[in-house]
Structures are given as C-alpha cells and as structure tokens.
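Subject: Structure for you to look at

Hi,

Here is the structure I said I would pass on, with my notes underneath. Please have it open as you read.

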Amino acid sequence: MSYSYSPELKAPQKMPDIDPGKAAMAGMLKILCLTHQKQTAAFRPPEGLACRKISVQAADGAQIPCFVVEPESSDDPLPGVLMIHGGGFYLPVQTSALALGCEYARGLNARVFLPEYRLVPQFTAPTQLNDCMAVWLELQRHAVDPSRLLVIGDSAGAALTAGLCIGLRGRACPQPKGQMLIYPVLDDRVELYASYEKYADACWSPKATKAMWDAYLKGADESLLPCLVPARCEDLSGLPPAYIEPQEIDVLHDEAVAFASALQKGGVSVELNEIVGSYHGFDSDLSSPLVRR
C-alpha cells in the first residue's frame, strides 16, 4: 500500500517486526544494542554543547547510565529536561535521540537527561518506569530549576513519559511543568483503533506493537497498569499540560488523539499537533525542513 508521505521527508524504511519475547530474536537484539551503544559512545555534540555520562542508582540498587547534554557555559540553575527515548522498550539510546537532545539543550538553554533504562526482554515492567523515576529524582541534584522542568518521550518513551507524570502526581517532589508525547505508544488494546488497520503497512506495524506490549507487560501486576499503560488510567486529572504529536501515517495515530481527548476531559491543557504526511520516527532526519519547523 502506498501513502501520501510529505515530499520534505526521506522515504521511510519499514521497521522489522521484532518480537523481543522470542528467544530466536535474542542474538539479533544483542547485535542491535551493541551497534547503537558503539555509535552513542562516539557521539560528539555540536559546538557550544557538552555531552557527559553519569550513573544513577535505581530503587533496586542497579546503576542506570544516563547521558547529560547541556550548554558548555551558562548560569545555573538551568531548565531541566528528562528525555525518554523510544525503541520498543528493547533498544537503547540512539544517536538520533542524542542529536535531538542537543536541539533541546540549545533551543531551551537547558540541561537534558537521557536515561539508559533497562530493556526487555531481560527486564520487564515496571523496571523501565522505575529507572526513569530514579533519573527524574536524580536530575533535581544537578543544578536544574525546579520551576522549569519538562518531560519528553517518543514512541515507547512516550508511554514512560505519560506513566511517569501519572506516577509523580501527588508525590512530594518537583513536578513536571509539561509533558511532550511524540508519536506516542499509549495503549496495549490495539483493536480499539482504526489506524492500526488503515496504516498497517506503514513503517511501524500492528504486529510489532502487539509483540512489544506482550514483552513489556509480561508478568506485570495489574494494579500498575494505569501507569504502565497510560490510556488505561481512568483519572487523568491534575497532570501537567501536554503537547501531543501524532504522525498522520502511523498505526499509533488514533490512540494519541484519543489520549489527548481523555486528558482534556480530565481538565488538562493539551496542544494536539498532527504532522501531515509524516510517519513514525520521521524526526530522526534533522536536515529535513519539515522536521526543522
């Protein structure tokens, strides 16, 4: 099936239907992860920015690596941004995420934290969310302004972003002043959304979505589902304002729109910005005029 992709974007590549729950995929996933880790180790930020790596202790004592992208010189405290990467819960930080982190660090004059949360299938939910929570609490100790805090997540990272905001609600700690959800993963009930059929042949597939959720939620306590699967949270009141960006040609499109509506019904301020002609992962091409805008 052909789709009307924007001419300002490179043609999308079909993402493989990886099932992280299958033992046969273990070797391929290991190679993918090692490849991305080598690439990020070689990453060098543009002039005026610095990139370093810190270690954050999770609630269970594990050490979580975390990239920090920041201006080389600026007066503290800076705005703090927690940027939670996507990758189906099974891929680590990629260079495209670090490049976007640099855009936010420069554009907002901010300190941006990108956690290397633990991955499926070795670790299942709620490990990933707990790791991001640990980094959220840690970033408060790195000269950030508690009145200027933002959480950003794309794809599976958006599920963790929305879940983090739900989990932080009412806690005695600094709260996000906003959440950004980019082509967000939000609901494991894919049968509810027409976009899964309409865009089934686009770059991210229904099969990949189902496999991702099955691996992530394997053995998860049902009481945690409102945080792990944000669309299952019945009370969305009191959450930070949201910018939600569905891509027009994406199986995830309809759940993003539905979540925006649910937030608004809960009294949350929402900016819904559908990018016409775009696809899942489109923003990795920072040279595109559409992405720049």
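Below I go from the whole chain to a few places within it.

Please keep in mind that this is a predicted model. The protein chain has 293 residues, and its radius of gyration of 18 Å agrees with the value near 19 Å that a compact globule of that length would have. Along the principal axes, the C-alpha atoms fill a box of roughly 50 × 40 × 40 Å. The secondary structure comprises 9 helices and 10 strands. Buried residues account for 54% of the chain. If you look at contacts with a separation of 6 or more, 77% of them join residues 24 or more positions apart.

On the surface side, about 13,000 Å² is exposed, with carbon and sulfur atoms supplying 52% of that area. There are 25 positive and 34 negative side chains, and the centres of these two sets lie 4 Å apart.

Now to the part I spent most time on, around Arg111. Is Arg111 buried or exposed? Arg111 counts as buried, because its relative accessibility is 8%, and the cut-off for that label is under 20%. Arg111 sits in strand β4, which covers residues 111-115. Beyond its sequence neighbours up to four places away, Arg111 touches a long list of residues: Arg52, Val68, Val69, Glu70, Asp76, Leu78, Pro79, Gly80, Val81, His142, Ala143 and Val144. Three of those partners, Pro79, His142 and Ala143, come up again below.

Pro79 belongs to strand β3, residues 78-84. With a relative accessible area of 12%, Pro79 is buried too. Apart from neighbours within four places in sequence, Pro79 is in contact with Leu108, Asn109, Ala110, Arg111, Val144 and Arg148. For a sense of distance, the C-alpha atoms of Pro79 and Pro20 are separated by 36 Å, and the two residues are 59 apart along the chain.

His142 is in the loop between α3 and β5, the latter being residues 144-154. Its relative accessible area is 17%, so His142 is buried. Which residues does His142 contact, leaving aside those within four places in sequence? They are Arg52, Ile54, Arg111 and Phe113. Arg52 is also on the list for Arg111. Between His142 and Ser74 there are 13 Å from C-alpha to C-alpha, for a sequence separation of 68 residues.

Ala143 is in that loop between α3 and β5 as well. At 33% relative accessibility, Ala143 counts as partly exposed. The backbone here is worth a look: Ala143 is not a glycine, yet its phi is positive, at about 55°. Ser155 also has a positive phi, near 55°. Ser155 lies in the loop between β5 and α4, with α4 running over residues 156-168. Its relative accessible area is 6%, which means that Ser155 is buried.

Why bring these up? Most residues other than glycine have a negative phi, and most peptide bonds are trans. The second half of that brings me to two cis bonds. One is the peptide bond from Val120 to Pro121, with omega near 5°, and another is the bond from Ala125 to Pro126, with omega near 10°. Pro121 lies in the loop between β4 and α3, and Pro126 is placed in the loop between β4 and α3 too.

That loop takes us to helix α3, residues 127-139. The helix has 13 residues and reaches 18 Å from its first C-alpha to its last, close to the 18 Å expected at 1.5 Å a residue. How many residues of α3 are buried? The count is 11 of the 13, so α3 is largely enclosed by the rest of the structure. Among them are Leu129, Cys132, Met133, Val135 and Trp136, along with the acidic Asp131 and Glu138.

One more spot to check is His253, in helix α8, which covers residues 253-265. His253 counts as buried because its relative accessibility is 12%. Not counting neighbours within four places in sequence, His253 contacts Ser195, Pro246, Gln247, Glu248 and Glu274.

Thanks for taking this on, and happy viewing!

Best wishes

Technical notes: Residues are numbered from 1 along each chain as its sequence is written. This is a predicted model: local features need pLDDT of at least 70, side-chain atom pairs count only at pLDDT 80 or more; totals for chains, interfaces and linings use all residues. Side-chain values use heavy atoms; hydrogens and water are left out. Helices (H or I, at least four residues) and strands (E, at least two) are DSSP runs, numbered from the N terminus. The radius of gyration is taken over C-alpha atoms; the globule rule is 2.2 Å times the number of residues to the power 0.38. Buried means under 20% relative accessible area, exposed over 50%, partly exposed in between (1.4 Å probe, protein chains only). Contact means heavy atoms within 4.5 Å. Accessible areas come from the Shrake-Rupley method with a 1.4 Å probe; for residues, only the protein chains shown count as cover. Lys and Arg count as positive and Asp and Glu as negative; His and the chain ends are not counted. The place of a charge is taken as NZ of Lys, CZ of Arg, CG of Asp or CD of Glu. The expected span of a helix is 1.5 Å times one less than its number of residues.
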